[in-house]
Amino acid sequence: MKKWLMLAVALLMLTACNNKEESNIESSVASNKETTVGYEMLGDSIEEADDVPKEAEKEILAAFDEYIASFNSKDIDRYINTLSKNPQGFDVNEDIEVAKNVFAQYDINRTASDVTIVKYNEEEAQVYANLDVKMTEIKTNAELNSSGRQVTVFVKENNNWKVTSVYYIGNESQQ
């Protein structure tokens, strides 16, 4: 049981990129700038931001896809490359250490659906997604499945979109 509790904590830490602040479910404070996550985590409707230029939309969605794919591939260098060098919602070094440990102990597959840019400006974008997470402990073959909703906040760094914070809330009924 203790191992599963540790697994759940590791999953939450990685999914939320070690977010230090408790997120207010309806509107989370993302940084010193007091920006608000553009989606009510308990709401049912997802409104796409209407002011996203097509080229920026392609870049942001590609950055989100790479963030998910790099994590699933357990390629630490590739995963690190998706993260902001100056994140607002997590400590990069702590996140890397947790990722290394989790990659060594578990096979993980995160599947995103309903991926939508919900807030955008030239320097920041927020991407909403429903996530299904399947984890299998390599040593025991024990499985843990969960699902939830996530808003991934990206910032523009050196002309690339990088993850700066993540807000995640798990669904009540876990598999």
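These are my notebook entries on a predicted model of one protein.

**Entry 1: overall layout**

I began with the secondary structure, which comes to four helices and four strands, and reading along the sequence I noted the pattern α-α-α-α-β-β-β-β. The protein has 175 residues, of which 46% count as buried. For the surface I wrote down about 9500 Å² exposed by the protein, with carbon and sulfur atoms supplying 47% of it. I then looked at contacts with a separation of 6 or more, and found that residues 24 or more positions apart account for 64% of them.

**Entry 2: helix H2**

I next followed helix H2, which covers residues 54–73, and counted 20 residues in it. From its first C-alpha to its last H2 reaches 28 Å, close to the 28 Å expected at 1.5 Å a residue. Which residues of H2 are buried? I listed Ala56, Glu57, Ile60, Ala63, Phe64, Tyr67, Ile68, Ser70 and Phe71. To make sense of such spacing I reminded myself that residues three or four places apart point the same way, because an α-helix has 3.6 residues a turn. Just after H2 comes Lys74, and I noted that the phi of Lys74 is positive, near 60°.

**Entry 3: the nonpolar cores**

I then looked up the largest nonpolar core, which has 34 residues, and recorded Ile60 and Tyr120 as those with the most contacts inside it. The elements that give two or more residues to this core are H2, H3, H4, strand S1 (106–120), strand S2 (124–137) and strand S4 (160–170). H2 gives the most to this core, with seven residues. Apart from this core I found another, of five residues, among them Val118, Val151, Val153 and Tyr167.

Returning to Ile60, and leaving out residues up to four places away in sequence, I noted that Ile60 touches Ile117, Tyr120, Ala125, Val127 and Trp161.

**Entry 4: Lys85**

Last, I turned to Lys85, whose place is in the loop between helix H3 (76–80) and helix H4 (92–105). Is Lys85 buried or exposed? I entered Lys85 as exposed, because its relative accessibility is 56% and the cut-off for exposed is over 50%. Not counting residues up to four places away in sequence, Lys85 touches Ile80, Val92 and Glu157. I also checked Lys85 against Thr164: the two are 79 residues apart in sequence, and in space they lie 8.3 Å apart, C-alpha to C-alpha.

Definitions and conventions:
Residues numbered from 1 in each chain as written. Predicted model: local features only at pLDDT ≥ 70, side-chain atom pairs only at ≥ 80, totals over all residues. Heavy atoms only, no water. Expected span 1.5 Å × (residues − 1). Buried < 20%, exposed > 50% of the residue type's maximum accessible area, 1.4 Å probe, protein only. Contact = heavy atoms within 4.5 Å. Areas by Shrake-Rupley, 256 points an atom, 1.4 Å probe, with all protein chains shown as cover. Core = buried A, V, L, I, M, F, W, Y, C linked by side-chain atoms within 4.5 Å.
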